[in-house]
Number of protein chains: 2
Amino acid sequence: MAKKLQGQTITLNNPPQIVNVGTIAGPEESRGPLGDKFDLVTEDPKLGQDSWEKGERKMVSEVIDLTFGKASVSPSDIDIMLAGDLLNEIVTSNYVAKSYDIPYLGLYGACSTLVEALGLGSLFMDGGFADSVLAYTSSHYQTAERQFRYPLEYGVQYPADKQYTVTGAGAYILGWMGGQVQISHITWGKVIDYGRKDPNDMGIVMAPAAADTILQHFDDTNREPQDYDLIVTGDLGQIGSNILNSLMQEKNIDISDRQKDCGVIIFGEDSKKHGAGGSGCAASATVVGSTIIPEIISGNLSRVLVVATGVLHNPILLQQKDTIPAIAHAIVLEKISGE
Amino acid sequence: MAKKLQGQTITLNNPPQIVNVGTIAGPEESRGPLGDKFDLVTEDPKLGQDSWEKGERKMVSEVIDLTFGKASVSPSDIDIMLAGDLLNEIVTSNYVAKSYDIPYLGLYGACSTLVEALGLGSLFMDGGFADSVLAYTSSHYQTAERQFRYPLEYGVQYPADKQYTVTGAGAYILGWMGGQVQISHITWGKVIDYGRKDPNDMGIVMAPAAADTILQHFDDTNREPQDYDLIVTGDLGQIGSNILNSLMQEKNIDISDRQKDCGVIIFGEDSKKHGAGGSGCAASATVVGSTIIPEIISGNLSRVLVVATGVLHNPILLQQKDTIPAIAHAIVLEKISGE
């Protein structure tokens, strides 16, 4: 059997399928260019609950239940749930998991969580440790602003190029049958810190981590950008995307003609209100689920490198003058060839 | 090949070895009954740094470097690091990971992190996704009190039976050679919530999760308590241990003659100062590493069920009148029979 690990990249012998995926998005996101692609949208970021946190949780529960329905899967079919989010102690994921009688592992990869969860889920599948996996993640503008920066009620004025946390969630079911897209490779990232300290500049912090993981992926797989129809980053935003492309060009690798960023896609390039673009776990979770996977299914794309990026600080460390580290994990999504 | 997954339990076809383990403990812990068993002890919980958080981080770095030395392993031999801790956004683990040129996955299982990391590490090994894994976790009295309850400087009076967060860290290296203890089974837990709201009563919150996972483990493996020399829980403390034993007896399973708790072991049963016992990721990480594994190696124990428990709330949710969920994951440690 071929060796699965090369450098930081795992080639799956038995690539699991993304059997189904569901997405939900908040008010700002539903008014953006992908508005009609999400399975569910909500105008109320509290979803009728009495706190933002409970609203975020309800959003996740709704999208999981919807995805079970779309996939004709019942919770009792799922062997393991893998999830994480931005809130301290990943409480959204933990509290949602209470509702399901399914084993659960909490992950913290900040905005890289989607790929951390899908990557680990693929290992459960390929290794024979599970035959079905539920991966989910979420982020929420109001809960994240309060926790990482300032409560919105303070009315703090932010720089115009700050990123905007996406309100939304995605649920992904991995299995062996019925899907049209498979996960073929995973490249795990390292923690990278270029010494930045501004919690508004997330794209700048994460771009070097994205570059490191993409270069490593090409090196490990002997592939080049032309092997991918699309290289989609999680939430670098416009500024971070530009830096990523520059960093890649310094290594004589040009990905600029095929790199797009979920944070830019979700609000559109011209959105002034959302600064440099969207961020948060839900940026990649909702864009990949609502748009990238359908484009693979329709045949517009046949092979996509998804690179989810995350910052790994907390506000107390910034008060203590620490710098902000980042990480990026990548997976390859491929159309399953019908035979 | 035998099916690996039965219920919530994975039987590893190729059980990985715990090649080596290192532990470090703080001042209170080093004066307890295990004082002379830790590899490193520190009288200064800041380890000469200018904040508690940096002290916790230095503790982890020191124990990782020590463990590399004990195992004669260099960081470049490690395929993946799996880690988590109690701080928001698991910043201790993230910032320590910056120092190593090794792929990293952040986990959040609160005080169950040791077993979440060793369990996932075992899947990486058994599945052919890694040939060596570093798992590490930590907790720290001063950083945890400030974050989960009150800063120590407030001088808040706590109930006498509150648990006491262990200051310490453990680093575990998994590999294929040179160890005397292997991981044979993993039972992943579910999130369990009995509706408790007092963040001082961690043992009470976690005991039902521990019971659920232990019962599930026996059911999945067709084993009974007598198959284990020791069933060691993570940080239930004395009160939580009593509740666990009662819950098990309600199911007509008696584990009381072989159940011990790392939180009780570390400070001793008679310690008044530490309330119902120790808690925190480091309770299981330091006790299993310094005491349980050496007892397996020496032959005093031959098979041990390690059940690490964690609470999954954050303080904001308690302010919002939410309840506290918990989880427990289990692994089986066995002496490798010399042949």
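This passage describes helix packing, salt bridges and a surface patch in a predicted two-chain model.

The structure is a predicted model, in which local features need pLDDT of at least 70 and side-chain atom pairs count only at pLDDT 80 or more, while totals for chains, interfaces and linings use all residues. Residues are numbered from 1 along each chain as its sequence is written, chains are lettered from A and ligands numbered from 1 in the order in which they are written, and side-chain values use heavy atoms, with hydrogens and water left out.

A convenient place to start is the contact between the chains. Two packed helices are described by the angle between their axes and the distance between the axes. Helix α4 (residues 113–126) of chain A packs against helix α4 (residues 113–126) of chain B at an angle of about 55°, and the axes are 10 Å apart. Here helices (H or I, at least four residues) and strands (E, at least two) are DSSP runs numbered from the N terminus, and axes are lines fitted to C-alpha atoms, for helices over the stretch in contact, with angles from 0 to 180 degrees between N-to-C directions. The arrangement of α4(A) and α4(B) is therefore oblique, the class left after roughly parallel (under 35 degrees), roughly antiparallel (over 145) and roughly perpendicular (65 to 115). The crossing of α4(A) past α4(B) is left-handed, that is, the near helix is turned anticlockwise from the far one by less than a right angle.

Salt bridges come next (a side-chain nitrogen of Lys or Arg within 4 Å of a carboxyl oxygen of Asp or Glu). Over all chains, the count is 32. In chain B, B:Glu145 and B:Lys162 form one of them, with the closest N and O atoms 2.9 Å apart. B:Glu145 belongs to helix α5 (residues 141–148) and B:Lys162 to the loop between α5 and β8 (163–165), so the pair ties together parts 17 residues apart in sequence. B:Glu145 is buried at 0% relative accessible area, and B:Lys162 is buried at 7%; buried means under 20%, exposed over 50% and partly exposed in between (1.4 Å probe, protein chains only).

A:Asp257 and A:Arg258 also pair, at 3.0 Å from N to O. A:Arg258 is buried at 17%, whereas A:Asp257 is exposed at 56%. In chain B, B:Asp257 and B:Arg258 meet at 3.0 Å, with B:Asp257 exposed at 53% and B:Arg258 buried at 17%.
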